[in-house]
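Subject: Structure for your files

Hello,

Here is the structure I promised to pass on. Please open it alongside this email.

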Amino acid sequence: MSQEQSDREVGTVDHPTSPPRPGPDALYGANPTPPQLENGPGWVADPLMVAGCDAYADGEYLYQDYVYDDHGADARSWVGGSPADSASLGGVLSQSTGDYHYPNDPETYGYNAADLLEFRARPTDDGIAYRITLNTMLEPDAAAVAVGIDTKADPSMTRSSDRHTDWGYGLGELGAPVDHRLVTWGTGAELDGYPLDADRLDVDVRRRQIEVEVPLDPDGETWRHYLVVGLWDAAAGEFKQVAVDPDEETPGGVRKGDDLPPVFNVGFRFDEPYRRNLGPVDIGRGLFDLVDVTGLGHNLLDLFLDRSPRVLGEGNWREHAQAMALAERDISGFGADIDFEKLREGVEERNTPDSGVCSFMYPSRYYLGEGVDVDHDILEGRIQPYNVYLPEDLEEPAPLILLLHSLSCSYTQYAVYTPNLLKSLAEETGAIIVMPQARGPGRWYKREAELDIFEAWRDLETRFDIDRSRVTIGGYSMGGFGTCMLAAQCPDLFGRGFSVVGPPSEDPIEAVTDGWLKSPARLTNGLFGGEGGGEFLNLFTEDPESALDIADNLRHVPMLLWNSVGDPLVPVLSPDNYARRLKNHGYRYQFNVFPADTHLSLGHHDRWDGIPEFIESGKVIRNPRRVTYRQMPELDHPEVGLVHDGAYWVSDIVTREGERSGLVDATSLADGYAPPEVGTFRNLGTEPRPHFARGVQWETPPIDARRPPENALEIELDGVESATVWVEEAGLDPDDEITVRAESDAAATVTLASAFGTYALDVPEGESVHDLRLDELEAETADEEREARPV
């Protein structure tokens, strides 16, 4: 008998390994330190990674700015559209208030070159050292930074007559009076118009950092600082002016005749607001701008009404106040009073919020590129934003709610459009709510978008103690699709899932017809910021993904679905088909249909009765006695560590070649087993809006229906080449004889992993029964190996 024949008949035993962890590897381990977060010589403090906040730490002053907030002044009407030849991130529901566009030279600017990430200051023996970190730096002199220093910040002190509000360098009037102006463009620096010595300037392109030391002595005083970032015009020796339309060398976005500062990003913004502005006054003003070709009527309106941007939602990219201030040429409200006495005394002070909405950032392990990929609407940088809502009386370990944003929206969607949703979910459940960006407005929660969710979650767990047994996933519209997909791909991570007006497929027609029909491939481009510009309705790929395909995996994750009869984007037949799929599986769900609502009206009313109660009653199931999992290779992205091949105590499912998916349905009889009694319900509801509800609920089966306990595993395989079962996690005793009853549509391999190692059991096509002793098989295999070893 050959060694190969021996292994096939007796089985192969390897050394024991650890059971797989729930979720992908991106959810585990320490955060990386990408170059932007590295400290060069003389700098030691850890970054805050809480946007719009500052701190005194290790003798340094730190200010953390927002990322991807570099959009300049509010310059154009929302009905006026973008300038010609402009390129930017898509998403009609997540447009910035600012209207500036970068030059169309991605190799130099990356559509993100003037994005401030961090500012630091510390006293030195020869003056003050400043360090400016940019989010993207492809060329050392692509961006220009101006720091205004007001040494008379104390109003009790006499103000000198040589103070400037026109900062020069092409910046013009900024409304902030300063005594000193430091300007640097990476390869040079000037203080008050005079060049600084070369040894006082250092630029590190890899770290995206510019360090400048100025010969000023603040002693122990408090000096107010202002900071602006734009692009550098080397030929003119000033900030690059913004034109009407961008080209490869010139930024654009202003209206003809406007005189606005060439500033993309302003620092020291500690109170960036959120507000949804979909009221009749806002829409009326936008329509008025459309016919007010002279601009005179617009100016008259501003005399009677507060200046209002023409965007759907204020604060989408945390730059609304910045855009409005730049439009008024007055940044005097954005200053940091740096206390040099605190720095010399080593005071430790963090000015970060402890409740409400916070904008955090995390460092990604993966390098996907630089800046913004405007062709595919992807934020490529290593530093990515996400929002968090912290309840007032946070108790740790805290429950967690993953809330996924809609198509064409950003990580700020819920703070801008549905603030009551955040408050009701967090305050009623005590949960921390995390809202990832998903790398763009329309990535449909796959590849880099899915990766973003788990990396943000990992970062959150470095800040707070999260109760992994109380985790819920939910979302609105595309976020509802992501909920259905991720809950099924990683069911051992979530206790509940809720989808509001969510499509179960990227293509609603495909979902309605159960995959038989699909929408036309290209109807509309560029509207919602989906992949490749956003094709709608084929929502955004030639072969759309569908949650119907993997609904088998939701055996232990109850789902709550809210959908509307008057929804043109997600026809109610689409989620109805998904609900019927769950019913056919006998899985728990509740499907609420709102007859008088549309796709956006539920969000507009911002009332969520029933969802907090649904979340509170959920618990993550760890090791159920029955596991059903369908593996689909097309949903995997191993290049970024995303492989969905099992859950609970079934792992490493390999789909047989030529099959689209592989299904494992395994039941442990260690404690006996009886399937739950499945019941259906129908009722009417009035809160938060009139609706019809139907669904499936489980009841505990009677005692006499339960099969007696035995050390046995029953497993069905369909389209599977191989899979692994973790014996102890299934409740089985590896020290006793185990019976495996298998049914497979073709020959397959089931690996039994236990404290004795891993044993590969060959399962033939059809039904088969195998009685095994894993402890004896280990010894038996060792004997076979000794016999086969040459003397």
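Below is what was found, starting with the chain as a whole and ending with a single residue.

Please keep in mind that this is a predicted model. The protein chain contains 14 helices and 39 strands. It has 791 residues, and 59% of them count as buried. Among its contacts with a separation of 6 or more, 76% are between residues 24 or more positions apart. The accessible surface of the protein chain is about 30,600 Å², with 49% of that belonging to carbon and sulfur atoms.

One sheet is worth describing. It is open, has five strands in the order E29-E31-E34-E36-E39, and its pairing is mixed. The edges are formed by strand E29 (626-631) and strand E39 (766-772); each has a single partner strand, so one side of each has no neighbour in the sheet. On average, and with direction ignored, neighbouring strands in this sheet are turned by 15° against each other.

Within that order, strand E34 (residues 712-718) pairs with strand E36 (residues 738-744) in the parallel sense, over six bridges. Ile715 stands opposite Ala742, which is in E36.

Last, Gly757. This residue lies in strand E38, which covers residues 757-763. Is Gly757 buried or exposed? Its relative accessible area is 3%, and buried means under 20%, so Gly757 is buried. Between Gly757 and Asp775 there are 9.1 Å in space, C-alpha to C-alpha, and the two are 18 residues apart in sequence.

Regards

Terms used. Residues are numbered from 1 along each chain as its sequence is written. This is a predicted model: local features need pLDDT of at least 70, side-chain atom pairs count only at pLDDT 80 or more; totals for chains, interfaces and linings use all residues. Side-chain values use heavy atoms; hydrogens and water are left out. Two strands pair if DSSP finds at least two bridges between them. Helices (H or I, at least four residues) and strands (E, at least two) are DSSP runs, numbered from the N terminus. Axes are lines fitted to C-alpha atoms, for helices over the stretch in contact, and angles run from 0 to 180 degrees between N-to-C directions. Buried means under 20% relative accessible area, exposed over 50%, partly exposed in between (1.4 Å probe, protein chains only). Contact means heavy atoms within 4.5 Å. Accessible areas come from the Shrake-Rupley method with a 1.4 Å probe; for residues, only the protein chains shown count as cover.
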